[in-house]
Amino acid sequence: MRRFLLALAALFLLYGESYACTSAIVAASRSSEGVPLLWKHRDNTKYPNTRIEYIADGTYAYTAVVPNTERYAKGVYAGVNEMGLGIISTATKNLPESTPEEYKACKLRRMRGGAMWNGLRECATIDEFEELLKKTKRSRRSHSNLGVGDATGAVAYFEIWDLGYRRYDVSQSGNDGFDVRANFSHAGNPKKRGASKRRYDLIMKEMATHNGDFTPQDFIGYSRSYNSLKYGNVLATNDRYICQNHTVPRYSTVGAIVLVCDGNNPRMLVMNGHSVSSVAVPVYVKAKRNIPQCVKGDAMRLLSEDFRAKAYYSPADGIRILNKELVGRVLKIKQPKIEMPKEMPADMEAFNARIDALFAKHEKRVRKVLSKY
């Protein structure tokens with residue numbers, strides 16, 4: 001019976017991992033950069049293969065996390081454009097759904113390509129993005145929490161469903177200059193918030209007790225922390241089985257990104273892979289296609305896949321088990337000292353070459369640990 005219940009639990013955990021991200025938005029008044037910050041910890045077992053790409057296919061050029069294919073096919077997981085408009089997203093499962101008849105009868109034009117893709121290429125401000133939402137209906141079952149910030153300092157969550165949306169400005173959140181979303185929406189059914197509320201409560205508490213301004217590196221720290229509300233530091237427990245929704249990093253983790261909504265120098269701090277094995281790399285929109293190869297190519301992602309295979313293993317009963325010893329050893333590897341200047345470096349080729357060299361050294365250290373397991 002125990003084996004059956006554990007296997008049944010595994011099915012629910014794996015189902016809940018797809019698109020199960022954690023995110024936060026920060027007002028300019030609480031940001032070390034003086035402009036809004038948007039953080040997305042990305043979990044996705046359905047499509048973990050991504051790259052960082054500069055794209056100029058609309059009114060505004062932007063840099064984004066996109067599918068690692070020959071054609072990105074309008075797929076965007078997070079990004080910031082040349083005007084400083086940034087957008088992140090998390091999936092949500094408790095928003096209302098229209099009937100096929102209601103959707104067909106709606107006179108709004110259908111949005112093609114997704115709200116993030118359209119917003120980044122066509123909008124310079126949050127208000128322009130909201131006008132886009134007002135004029136369009138989304139494809140069926142398109143339910144998301146979108147965190148949006150711009151260079152004017154405006155920052156808000158938009159909880160959107162197929163025929164509607166609700167806007168939550170950070171100034172109205174009741175928090176001190178920040179807000180958080182996991183995989184449920186405040187506009188949705190409160191009885192269907194699901195297990196992601198544990199991660200939501202965890203980050204709300206972490207941010208509420210944070211002193212001073214938030215930095216991009218603070219959020220990289222959240223993405224690498226195995227702290228939980230119920231168990232404390234999961235790595236210090238004796239439990240063999242770990243519920244995936246108690247901590248921010250999980251088996252399904254495939255990236256972390258912090259967007260800096262700076263109109264003069266829009267930029268991001270990004271990990272293109274599991275946050276424990278990866279390195280936080282700065283990317284500048286105005287550098288265009290001059291992006292560090294470790295996140296533009298496959299290097300960081302491939303290291304992440306090898307790490308995940310050994311850090312989270314599955315015995316015969318189908319439950320993912322965390323190899324705490326391995327994870328702890330990799331976390332002790334000191335992250336390379338990579339700064340993200342507010343002004344874009346004059347020699348981006350040299351700047352990126354140094355980043356790639358530092359990542360190569362980090363990769364060797366991680367693979368040396370992995371080789372022992």
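**Sheet and core organisation of the predicted model**

In the predicted model, E53 lies opposite A64 of strand β4. Strands β3 and β4 (residues 62-67) are paired in the antiparallel sense through six bridges, where pairing requires at least two DSSP bridges between two strands. Strands (E, at least two residues) and helices (H or I, at least four) are DSSP runs numbered from the N terminus. Residues are numbered from 1 along each chain as its sequence is written. In this predicted model, local features need pLDDT of at least 70 and side-chain atom pairs count only at pLDDT 80 or more, whereas totals for chains, interfaces and linings use all residues; side-chain values use heavy atoms, with hydrogens and water left out.

The seven strands of an open, antiparallel sheet follow the order β3-β4-β5-β6-β9-β10-β11. Because β3 (50-55) and β11 (164-169) each have a single partner strand, these edge strands are left with one side lacking a neighbour in the sheet.

The largest nonpolar core (buried Ala, Val, Leu, Ile, Met, Phe, Trp, Tyr and Cys residues joined through side-chain atoms within 4.5 Å; buried means under 20% relative accessible area with a 1.4 Å probe, protein chains only) comprises 81 residues, and M207, F219 and V295 have the most contacts inside it. Helix α10 (residues 348-370) supplies the largest share of this core, eight residues. A second, separate core of 22 residues includes M116, W117, I126 and L133.

Mean pLDDT (the predictor's confidence in each residue, from 0 to 100) is 91 for the protein, and 91% of the residues reach 70 or more.

Terms used. Buried < 20%, exposed > 50% of the residue type's maximum accessible area, 1.4 Å probe, protein only.
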